[in-house]
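Biologist: Could you take one part of this model and walk me through it closely, from its own geometry out to whatever it touches? Please spell out your cut-offs as you go.

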Amino acid sequence: MPISATRKAAIRAEIVEHAARLFRLRGHAGTNIDDIMLAAGLTRGAFYAHFISKDALFAEIVGMGHGLLPKLRAAEKPAAVLDAYLDRESLAATAQGCTLASLACDVARSPLAARLAYANVLHGVIAELARGKKRALDADATAVAILAVGAVTLARASGDTRLSDWLLRCARRATKTLMEKPRPKRRASPKKKRSTSRPKAAAARLSRPSARSRAGRA
């Protein structure tokens, strides 16, 4: 008996949920389809009823942008999210929960679909950090994204706890400075001076009788 569309969607969502957790924990290469389906309590054969390959599933999960992006979208003040994101006490949970930080190296070695999905998430993070600014790819917002994600990635990889703490502290200080940076005042464009040379020349021509008229009078 075929399963209902609702039940099929629920099974798919469950596979995605377990796969996302395993990918962030073990990476793309360290996670296979059997692991994912075992975690979901399903057989391997059921996988192909929902996804054509592990790479396709991986690209979809990368594009979901777990971690930093949804938190920024839900927050009124991005600075508070960054402060929590770069907290050394929650480094393990942050690094494991954020797609941008936990899967950067895996994505770099993945097919184009996953890399484009990663780029879309990164674009979204920068746009959230650039709220109220003229450009979605604001330079300061981009630098903040680089500092935050880079610091978590490096701190997670470092086996030296003191160095990890130092990386996070430096990133928090730098991102705070950039986020609090006042917007540059818009300069008023200088008014162009109206050229008076042409009107003067025209007036001079009108005031002088032409050579032909003078010749005619003669």
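Modeller: Let's take helix α12, and begin where it begins: at its start, a side-chain oxygen of Asp-160 comes to within 3.0 Å of the backbone nitrogen of Arg-162. That fits the rule for a polar contact, which is a pair of N or O atoms within 3.5 Å; within protein, one must be able to donate a hydrogen and the other to accept it, and residues adjacent in sequence count only if both atoms are side-chain atoms.

Some ground rules before going on. This is a predicted model, numbered from 1 along each chain as its sequence is written, and local features need pLDDT of at least 70, side-chain atom pairs count only at pLDDT 80 or more, while totals for chains, interfaces and linings use all residues. Side-chain values are taken from heavy atoms, with hydrogens and water left out. As for pLDDT (the predictor's confidence in each residue, from 0 to 100), the chain has a mean of 87, and 83% of its residues reach 70 or more. Among the elements, helix α4 (residues 54–64) has the highest mean, 97, and helix α14 (residues 211–217) the lowest, 50.

For orientation, the chain has 14 helices and zero strands, where helices (H or I, at least four residues) and strands (E, at least two) are DSSP runs, numbered from the N terminus.

Back to α12. What length should its 19 residues span? At 1.5 Å a residue they should cover 27 Å, and the end C-alpha atoms are 27 Å apart, which agrees. The expected span here is 1.5 Å times one less than the number of residues.

Now for its two sides. Ser-164, Asp-165, Leu-168, Ala-171, Thr-175 and Leu-178 are the buried set in α12. They sit on the same side of the helix, because they cover an arc of only 160° around the axis; the arc is that of the directions from the helix axis to the C-beta atoms. The background is simple: an α-helix has 3.6 residues a turn, so residues three or four places apart point the same way. On the other side of α12, Arg-162, Arg-173, Lys-176 and Thr-177 are exposed. Buried means under 20% relative accessible area, exposed over 50%, and partly exposed in between, with a 1.4 Å probe and protein chains only. For the chain as a whole, 34% of the 218 residues count as buried.

What covers that buried side? The cover includes α6, α7 and α11 (139–157), with contact meaning heavy atoms within 4.5 Å. One of these helices, α7, holds Thr-94. Thr-94 counts as buried, at 11% relative accessibility. Leaving out residues up to four places away in sequence, Thr-94 touches Ala-84, Tyr-85 and Val-152. Contacts of this kind often reach far along the chain: among those between residues at least 6 apart in sequence, 63% join residues at least 24 apart.

Then there are the charged links. A salt bridge is a side-chain nitrogen of Lys or Arg within 4 Å of a carboxyl oxygen of Asp or Glu, and by that rule the count is eight. In one of them, Arg-172 meets Asp-83 at 2.6 Å, N to O. Since Asp-83 belongs to helix α6 (residues 78–85) and Arg-172 to helix α12 (residues 161–179), the pair ties together parts 89 residues apart in sequence. Both ends are partly exposed: Asp-83 at 39% relative accessibility and Arg-172 at 29%.

Another salt bridge pairs Asp-165 with Arg-88, with 3.7 Å between the closest N and O atoms. Arg-88 lies in the loop between α6 and α7 (91–97) and Asp-165 in α12, so this pair ties together parts 77 residues apart in sequence. Here the two ends can be set side by side: Asp-165 is buried at 16% relative accessibility, whereas Arg-88 is partly exposed at 45%.

A further salt bridge joins Glu-128 and Arg-131, whose closest N and O atoms are 2.9 Å apart. Glu-128 is buried, with a relative accessible area of 17%, and Arg-131 is partly exposed, with 31%. Back at Asp-165, salt bridges with shared partners join Arg-88, Glu-89 and Asp-165 into one network.
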